[in-house]
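Hello,

Here is the structure I promised to pass on to you. Please open it beside this email, and then read on for what turned up in it.

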Amino acid sequence: MHQRTEQPGPGSRPTLHELVRQLSACMLRDQRGLRVRLQKVQEMLRARRPAERLLAQIGVEVKRSREWRARRQAQLPRPVFPGELPVVQKKAEIAKAISENQVIVLCGETGSGKTTQLPKICLELGRGVGGMIGHTQPRRIAARSVAMRIAQELDSPLGQVVGYKVRFADKLSENTYVKLMTDGILLAETQGDRFLEQYDTIIIDEAHERSLNIDFLIGYLKQLLPRRRDLKVIVTSATINPEQFSRHFGNAPIVMVSGRTYPVEVRYVPIGGQEDDPDEDEPTLQDAIVGAVDELEREGRGDVLVFLSGEREIRETAESLRTHEAKGSEILPLYARLSTEEQMRVFQSHSRRRIVLATNVAETSLTVPGIRYVIDPGYARISRYNTRTKVHRLPIEAISRASADQRKGRCGRLAEGICIRLYSEEDFNSRTEFTDPEIRRTHLAAVILQMMALRLGTIQDFPFLDPPDYRAIRDGYQTLHELGAIDEQNELTEVGWKLGKLPIDPRVGRMILAAREEGALEEVLIIASALSVQDPRERPMERQQEADLAHAKWRDASSDFLSFVKLWEWYHERAKELSTSKLRKACKENFLSFVRMREWNDIHGQLVGLVREMGGEGK
DNA sequence: AATTAGCCC
């Protein structure tokens with residue numbers, strides 16, 4: 001360590017070989033770049049060209065990176081674990097599996113504590129030093145709230161030891177060991193960090209949800225693993241098909257962790273099954289739900305969660321329950337388009353029995369607290385792209401067994417529960433085991449474009465868990481042809497590269513590129529960004545006419561798109577003059593979601609910036 | 001006439 005191979009003195013600098021040896025003590029994200037530059041020095045020396053200055057520069061950076069890593073090593077947090085959680089009881093087994101394998105699959109039910117404790121187990125193993133522990137969540141709220149919880153448990157302010165990054169918001173620092181993010185963010189980061197060298201460990205949480213992002217990441221990681229032998233990957237999943245993940249990663253070990261839930265009794269009550277009066281009208285879903293609510297009322301107190309397929313069905317069911325349930329249970333609708341305020345009512349305490357009428361938000365995104373009973377009619381709207389007709393649709397379909405069990409699991413977190421399925425057991429058994437993953441149901445143009453922009457090879461060769469259908473692939477290529485994104489050889493064109501840089505559907509992106517030539521860029525940017533956020537116009541169930549009236553001032557007789565432009569102008573005139581709180585109030589009075597208006601504005605700003613960067617006219 | 005929910009460069 002103290003040997004000096006060159007002349008001693010204040011100017012003494014490490015040699016090329018010393019620096020090469022020191023690379024492994026640097027942060028992972030610096031190693032590759034530094035190695036390349038050191039190779040350049042070696043070539044220069046061989047060619048007998050002077051390289052001292054470059055070597056000195058690299059030396060400074062190596063030192064900085066080594067010191068950074070040493071500091072992280074020294075300050076590595078020592079987590080404490082709450083004893084009661086199931087995942088903590090299996091801590092040793094999990095830690096051993098992680099140490100001995102590059103990939104493991106952790107299978108844990110709700111309430112197992114996997115999401116919060118797993119990153120801490122990784123820290124205890126000394127991971128997170130040379131690179132962060134990256135931890136993905138399917139939703140932004142989850143990424144933030146999980147970050148907050150882990151930060152609390154590690155007794156560190158959010159953004160220090162534990163940070164997060166979601167679109168348009170992050171809280172991270174040089175000292176961050178655990179980074180929560182949406183899976184979309186990690187995927188986006190592959191563009192600038194192809195080897196994901198910010199991380200020494202990656203946790204893909206809720207992988208059973210099988211969104212496009214998750215499937216893409218799982219395939220990406222599979223390709224990356226042989227090139228990043230030091231990277232550890234943990235895939236976590238509910239007990240839905242963990243074997244498939246395991247097989248995909250060369251029979252990675254599966255660690256099972258129990259949840260903390262109570263047993264749920266399942267009753268099959270097919271619609272009209274118990275009625276045989278031929279004079280009666282055909283029994284409806286509404287009758288069946290009312291019947292089930294009555295049946296559950298006889299079971300004792302407790303809130304009920306009913307899964308429905310859409311807003312209209314919720315409204316109808318609310319009406320039939322209100323006319324029927326004179327005793328006055330509290331009936332609450334719950335779906336994503338509801339304003340935050342209205343959604344929050346689900347979390348407020350209450351005295352009367354509550355019946356929550358929810359869409360699939362309640363299956364994954366939102367956990368309704370205090371539910372003792374579930375009523376499951378067994379249907380949901382599922383998006384499907386039809387390659388033959390080239391149309392996206394949202395048909396109501398029978399849900400899979402896995403989905404039905406997920407719904408069932410929404411009660412029984414507090415005490416024993418009952419789940420009434422409004423179909424027969426034979427019906428249940430005849431259903432598909434799992435919901436089709438999104439990659440099998442969606443339009444593939446965006447996926448193919450993204451893969452080409454990342455130079456991931458062809459979609460046919462990519463290691464997907466479930467490869468998409470051949471016809472869907474062909475259709476995706478065809479769309480890209482029509483957009484002018486690829487040429488006859490299926491290579492990306494200049495337009496294609498540009499579309500790949502825009503974080504929106506390539507068809508919408510193409511509108512923007514065309515608008516630059518047509519002199520309509522300003523309007524089209526407003527419309528394009530509007531198309532990629534949820535509609536900010538709110539229509540609360542009890543005040544729909546009022547809302548429609550407020551929205552009417554932006555209506556354009558010729559085009560819904562131009563309504564967006566009018567609304568945009570209305571908002572920005574006020575945004576210029578009003579304080580934030582007054583603007584928020586103006587939004588509320590006009591039945592607009594302030595949060596979504598801001599998101600629209602943020603996306604718009606992002607697109608404006610990217611279009612400007614593209615520069616140049618035309619093409 | 002009618003639409004679930006989620007995400008990003």
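Strand β2 (residues 132-137) and strand β6 (residues 199-204) run alongside each other in the parallel sense, paired over five bridges. To find the pairing on your screen, look for Ile133, which stands opposite Thr201 in β6. Please keep in mind that this is a predicted model.

Now zoom out from that pair. β2 and β6 belong to an open sheet of eight strands, and the order across the sheet is β4-β3-β5-β2-β6-β7-β1-β8. The pairing in the sheet as a whole is mixed. Which strands sit at the edges? They are β4 (169-171) and β8 (254-257), each of which pairs on one side only. Going from one strand to its neighbour, the turn is 20 degrees on average, with direction ignored.

A helix goes with this part of the sheet too. Helix α9 (residues 212-224) lies across β6 and β7 (232-237), and α9 runs at about 140 degrees to β6.

Next, have a look at two helices further along the chain. Helix α16 (residues 445-453) packs with helix α17 (residues 470-483), their axes 8 Å apart and at an angle of about 75 degrees. Angles of 65 to 115 degrees count as roughly perpendicular, and α16 and α17 are therefore roughly perpendicular to each other. Which residues of the two helices meet? From α16 there are Ala445, Ile448 and Leu449, and from α17 there are Ile473, Gly476, Tyr477, Thr479 and Leu480. Sorted by type, the residues of this contact are six nonpolar, two polar and no charged.

Finally, the cavities. How many of 30 Å³ or more does the structure hold? There are two. The largest has a volume of about 60 Å³. Its lining is made up of Glu311, Tyr335, Arg337, Leu338, Ser339, Glu342, Arg537, Glu538, Arg539 and Pro540. Of the residues lining the largest cavity, six are charged, three nonpolar and one polar.

The second largest cavity has a volume of about 40 Å³. You can locate this second cavity by selecting Trp68, Arg71, Arg72, Gln75, Glu174, Asn175 and Tyr177, which line it. The lining of the second largest cavity divides into three charged, two nonpolar and two polar residues.

A good way in is to colour β2 and β6 and find Ile133 opposite Thr201, then move on to the place where α16 and α17 pack.

Enjoy exploring, and best wishes!

Key. Residues numbered from 1 in each chain as written. Chains lettered and ligands numbered in written order. Predicted model: local features only at pLDDT ≥ 70, side-chain atom pairs only at ≥ 80, totals over all residues. Heavy atoms only, no water. 1 Å grid on protein atoms, 1.4 Å probe; cavity = no way out; pocket = protein on both sides within 12 Å on 5 of 7 lines; lining within 4 Å. Points joined across faces, edges and corners; volume = space filled by probe spheres on them. Nonpolar A, V, L, I, M, F, W, Y, C, P; charged D, E, K, R; others polar. Axes fitted to C-alpha atoms, helices over the stretch in contact; angles between N-to-C directions. Helix = DSSP H or I, 4+ residues; strand = E, 2+ residues; numbered from the N terminus. Parallel < 35°, antiparallel > 145°, perpendicular 65-115°, else oblique. Contact = heavy atoms within 4.5 Å. Pairing = 2+ DSSP bridges.
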